[in-house]
Amino acid sequence: MSLAARNLAIRLGRALILKGVDLTARAGCLTAIIGPNGSGKTTLLRALTGELAATSGQVVLNGRDIAGFRPHELAALRAVLPQQTALSFPFTATEIVRIGLTSHPGRETDRDDLIRAALAAVGLPGHAGRLYQQLSGGEQQRVQLARALAQVWQPLGDDGPRWLLLDEPVSSLDIAHQLTVMRLAADYARRGGGVIAVMHDLNLTAMFADHLLLMHEGRAMGEGTPAEVLTDDLLSRAYGCRLCVNRAPVQGIWLLPQLASV
Amino acid sequence: MVALDARNHRIEGDRRHLGRALSLWLLALLLVLAVFSLGHGASGVSAPAVLLDRLAGRAIAPTDAVVLFDIRLPRLLTGILVGAGLAVSGAIMQGLFRNPLADPGLLGVSAGASLGAISAIVMGGALPAAISAAIGWHLVPLAAFAGSWLAMLTLYGIATRQGRTSVATMLLAGIALAAMIAALSGLIIYRADDEQLRDLTFWGMGSLAGSSWSKLQAAGPVILLALMAAPALARGLNGLALGEAAAAHVGIRVQRIKTGAVLITAAATGAAVAISGGIGFVGIVVPHLLRLIAGPDHRWLLVNSALLGSSVLIVADMISRSIVAPAELPIGIVTAMIGGPFFLWVLLSNRRALDG
Amino acid sequence: MTARACHSAGCGPRAALMALIAATAAALLSGPAAADPHPDASRVLSIGGSVTEIVYALGQQDRLVARDTTSNYPAEAQALPDIGYMRQLSAEGVLSVKPDLILAEDGAGPPETIALLKQAGIPFETIPPGTGPGGLADKITAVAEALGVPDTATAPVAALQADLDRLADISADPAQKKRVLFVLFATGGRITASGTGTEADAIIRMAGAENAVQGFEGYKPLTDEAITSAAPDIILTMRRGGAGAEIDAKAEDLLALPAISTTPAARNGAVISMDGLYLLGFGPRTGKAALDLHDAIYGTS
């Protein structure tokens with residue numbers, strides 16, 4: 001089972017943002033989409049969520065064209081974590097997570113259990129009653145992640161895997177919380193679910209991703225394992241500056257998330 | 001024991017029990033105020049005495065019967081429906097525009113209604129006699145209702161492309177439309193004579209003094225239907241608080257919610273404004289206050305807005321008809337005079353929460 | 001229960017419509033008919049400044065129990081309870097003064113309230129507007145007849161007629177009519193003046209003068225050039241009294257306005273200011289008001 005883009009093109013207004021992208025993200029893997037600013041990463045993710053309709057090509061979710069899904073069917077199969085969410089009204093963390101259960105068919109007590117579990121999973125069990133606006137940026141991001149997690153809590157259902165689509169999930173977090181969130185995502189994939197994340201941090205990407213798509217000017221410049229994609233040549237061409245992997249600077253201080261321990 | 005269990009298991013931050021409890025209190029408040037409002041008025045007619053006489057089959061003075069059954073009762077029911085309609089419309093608009101200061105005016109509903117009323121007041125005399133005889137004094141409400149729908153449909157049409165309504169376009173086009181309507185209204189007002197100008201001024205200040213069974217029969221069902229349909233929007237509006245994309249991601253049919261919100265608001269506000277003129281502040285203050293008490297969850301917010309909106313309007317109406325009795329003050333003045341300072345007080349005392 | 005059902009049926013839209021059609025037909029057929037007499041009415045509510053004034057002129061003021069906001073002459077009338085502005089009456093407010101007769105100037109409303117008052121069984125008599133010399137006498141007579149004391153009208157009508165006759169005698173030669181500009185407001189230097197079809201236009205003509213503005217109906221803002229080309233000999237304004245006094249146009253302010261400074265009125269410093277209700281009320285004092293205005297325009301005769 002997979003979530004795949006087939007020769008996908010997206011036009012927004014007059015500009016052609018995606019110019020025929022192929023991607024196959026498998027359940028059980030954490031797939032990362034990387035690339036420079038403006039390369040079409042977020043647009044691709046929005047197409048994969050079903051939010052943007054394909055101009056040509058298609059998006060196939062668990063073997064079915066995504067255009068044929070109804071909103072509540074889609075909501076049962078995949079959850080989305082946006083880059084950031086400005087909230088218009090003072091909801092509590094609990095209430096935010098409950099919004100993720102809008103299409104949940106279960107009983108009220110099941111929902112309450114899910115909300116508790118999801119807030120605990122993102123490390124915010126004590127923040128259930130706090131107002132969203134009074135949380136720090138990182139806490140807000142984790143509440144949103146809890147909402148998405150609660151929406152597709154079981155990674156593997158009877159009718160196939162569930163999907164988490166994350167748009168820069170760690171961009172506003174400190175390094176400890178970056179690791180927490182990436183471990184949560186990787187764990188979701190290990191339990192059979194599918195995860196697709198748009199990533200800026202190449203170290204974290206190298207550390208957690210099973211599969212990579214490198215975007216450049218609306219096209220896929222490379223797709224494969226981190227070892228295949230994270231090469232000096234591909235990265236330097238994509239990001240427009242000299243980059244070398246696996247080499248340590250001669251002087252100065254540097255720090256890698258790979259060496260962090262909890 | 002069961003109740004105790006439920007309480008122990010409630011998640012922190014779940015404020016639905018507050019909403020539920022609040023709705024019971026507000027219902028009780030509304031009933032008390034309704035009884036009080038029926039029993040009090042400038043004429044001093046005693047409602048219990050008249051009702052007892054009627055039950056006992058005794059003769060009732062025609063004046064007393066008219067005061068109770070044709071003045072106070074339709075006026076009370078009109079107040080309840082108008083208050084509920086305005087407050088619920090306000091809550092829906094704030095949810096749709098994701099802004100606690102939004103009101104149905106953004107849909108052009110108020111401007112359209114006022115253009116309709118102005119046209120009817122100033123140019124109604126030019127209608128063929130047959131038509132004006134058939135419509136009679138319902139001309140102004142009818143024109144106001146038609147005006148509000150015309151404005152709303154125009155705006156909705158402008159903002160909707162390929163089956164998607166852009167809320168931002170609606171907001172901006174609404175400003176342009178309001179300016180055009182204001183110019184048109186100005187043109188018509190220029191032709192108005194002195195008496196028509198005074199009628200216009202009073203219409204703009206709102207009043208329940210013109211309430212009657214026939215108006216209630218015409219506008220009541222429209223507001224009632226809108227109120228009954230409103231709860232269907234609740235989950236959708238909750239989702240919209242996260243933004244349109246996030247709402248769609250959790251399975252909400254965003255376009256349906258937008259269309260529903262626009263139609264319900266236009267129906268409720270259009271009909272309310274048509275029978276009572278311009279009554280401000282209820283639609284902003286009531287939902288805001290309720291959000292402070294029980295949170296912004298629309299599943300209780302909409303119900304409670306209806307209940308509190310009704311109560312607020314009943315109180316405002318009691319003030320409007322007692323403060324300068326035997327004359328009465330337009331109710332729009334009362335709601336603005338209470339609502340304005342109250343709103344400022346709420347804003348200032350919650351400044352930290354708002355800025356935070 | 002039956003009574004209740006009957007009740008709502010009696011005020012449904014269909015019933016209201018029928019009543020309206022019947023009322024319209026009756027109004028069309030009967031024309032300006034004399035009001036029904038109510039000699040026994042002892043709690044009279046008077047709506048409209050001129051009607052109240054007439055009740056006083058007829059010596060029937062002891063029968064009044066309340067008045068509307070526009071009834072502020074004579075001064076004693078202001079001691080009566082005020083039931084609000086005549087076009088925005090509240091049914092219960094009116095009923096609360098327990099009237100057994102309502103005398104209303106044409107235009108009292110809203111119609112819903114009037115319908116409820118009639119439904120409550122309160123006699124409701126509408127007095128014709130009475131702009132124009134003949135209409136005024138009719139108006140006084142109508143009030144007297146509605147109060148059931150037709151004889152009391154004789155003296156005020158005769159006095160009015162005497163004033164009107166005198167006006168006719170002394171009225172200026174049509175060729176030498178002076179041109180009068182009635183200024184309603186001059187707030188912010190912007191002149192709102194009277195065109196034709198207004199009370200101001202009527203009283204100017206009664207006083208044997210000519211309205212300097214003929215191009216439109218009602219009260220409208222005028223451009224500076226229109227004022228210059230109207231070339232009024234006299235500027236006429238009114239005093240509002242009480243809270244309204246603030247917006248009264250002052251003579252010196254008026255004459256200082258550039259548009260007016262070019263007119264004959266400015267050259268002669270001819271600004272006349274009269275009490276608003278006296279000047280425009282069209283009540284029993286209107287003959288006197290027209291005479292006063294005539295004298296102010298042409299000098300005491």
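**Exercises on the two domains of chain C**

In this predicted model, 15 residues of domain 1 of chain C are in contact with 11 residues of domain 2 of chain C.

**Exercise 1.** Identify the elements that give two or more residues to the side of domain 1 of chain C that touches domain 2 of chain C, and state which of them gives the most.

*Solution.* Begin with the division of the chain, in which domain 1 of chain C covers 33-162 and domain 2 covers 172-298; the C-alpha centres of these two domains are 29 Å apart. Next, turn to the side of domain 1 that touches domain 2, where the elements giving two or more residues are helix 3 (49-57), helix 6 (133-146) and helix 7 (154-170) of chain C. Finally, compare what they give: helix 3 of chain C contributes the most to this side of domain 1, with five residues.

**Exercise 2.** Describe by class the residues on the side of domain 1 of chain C that touches domain 2 of chain C.

*Solution.* When the residues on this side of domain 1 are sorted by class, eight are nonpolar, six are polar and one is charged.

**Exercise 3.** Decide which stretches of chain C call for caution, using the pLDDT.

*Solution.* Start from the whole chain: chain C has an average pLDDT of 83, and 84% of its residues score at least 70. Then look at residues 1-13 of chain C, where pLDDT stays under 50 and the model has 15 contacts beyond four places in sequence. Residues 16-33 of chain C likewise have a pLDDT below 50, with 10 contacts in the model beyond near neighbours in sequence. Predicted coordinates should not be read in detail where pLDDT is low.

Notes: Residues numbered from 1 in each chain as written. Chains lettered and ligands numbered in written order. Predicted model: local features only at pLDDT ≥ 70, side-chain atom pairs only at ≥ 80, totals over all residues. Domains from an automatic or database assignment. Contact = placed C-beta atoms within 7 Å. Helix = DSSP H or I, 4+ residues; strand = E, 2+ residues; numbered from the N terminus. Nonpolar A, V, L, I, M, F, W, Y, C, P; charged D, E, K, R; others polar. pLDDT = per-residue confidence, 0-100.
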